[in-house]
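Me: I am new to this structure and would like to understand the terms used for it. Please explain each one as we proceed.

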Amino acid sequence: DLGTGVFNGCVNLYGSLEIPQGVTIIRTNCFNNTGLNGTLSLHDGISSIGEGAFRNTGLKGELHLPKNIEVISKESFCGCDFSGTLVLPTTVRQIGDKAFAWNWRLMGTLEIPEGVLSIGAGAFAQCRMLEGVIFPESLESIKYEPSWGEDGGAFQNCFSLGRIVCKGHIPPYVQDGCFNGVPKDNFTLEVPEGYEAQYQAATGWREFK
């Protein structure tokens with residue numbers, strides 16, 4: 001595996017990064033605050049990516065996550081420069097705080113896989129070009145941390161959101177502030193037929209049309 005903080009703060013480490021096949025674990029802060037500014041290649045054999053593993057690197061292009069990854073750790077891809085549509089593998093069960101925050105070039109519709117129970121505070125904050133989000137039936141909570149300011153809400157300042165679909169009959173618990181900055185008056189929240197009243201009465205959802 002690649003050990004904790006092994007390249008942490010190596011600001012003169014430039015270019016693209018390809019993780020070799022023999023590496024299956026990338027530990028906490030492994031490439032945090034490096035100068036990497038090319039593309040990132042992650043093979044499907046990677047089973048674990050630690051907290052802050054690629055935090056505040058300039059890695060760009062599309063992000064292709066390992067197909068069997070289950071946990072997207074806290075701040076693992078925060079402050080990168082990825083673009084295109086982010087596809088979360090169907091194996092994902094947990095999305096940590098600020099996991100993808102400040103990737104403002106990500107676009108298209110983000111589908112949260114069935115099986116995910118919670119979305120961490122600031123998980124997609126400042127992803128300003130995301131156009132849509134689909135929440136699974138399994139989702140129980142979406143989080144907000146007010147002390148973090150402009151990136152405390154899970155989808156804070158996702159200004160381009162124009163579609164949100166909720167598949168659950170029971171509205172996920174949403175802390176006030178999760179959708180701060182989302183243009184709630186510009187589109188209609190899509191929920192299962194017959195369950196509109198539940199969403200209209202629920203904290204965090206009643207602000208939508």
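Reply: The chain exposes about 9300 Å², and carbon and sulfur atoms supply 47% of that area. Accessible areas come from the Shrake-Rupley method with a 1.4 Å probe, and for residues only the protein chains shown count as cover. This is a predicted model: local features need pLDDT of at least 70, side-chain atom pairs count only at pLDDT 80 or more, and totals for chains, interfaces and linings use all residues. Residues are numbered from 1 along each chain as its sequence is written, and side-chain values use heavy atoms, with hydrogens and water left out.

Me: What makes the chain as compact as a globular protein of that length?

Reply: The chain holds one helix and 14 strands (DSSP runs, H or I of at least four residues and E of at least two, numbered from the N terminus). Its radius of gyration is 17 Å, close to the 17 Å that the globule rule gives for 209 residues, so the chain is as compact as a globular protein of that length. The radius is taken over C-alpha atoms, and the rule is 2.2 Å times the number of residues to the power 0.38.

Me: What share of the 209 residues is buried?

Reply: Buried residues, those under 20% relative accessible area (1.4 Å probe, protein chains only), make up 50% of the chain.

Me: Which strands are called the edge strands?

Reply: Five strands form an open sheet with parallel pairing, in the order S5-S7-S9-S11-S13. Two strands pair if DSSP finds at least two bridges between them. Strand S5 (60-61) and strand S13 (163-166) each pair on one side only, and these are the edge strands.

Me: How do you know that S11 pairs with S13?

Reply: Four bridges join strand S11 (residues 130-135) to S13, and the definition requires at least two. The two strands run parallel, with isoleucine 134 opposite valine 165 in S13.
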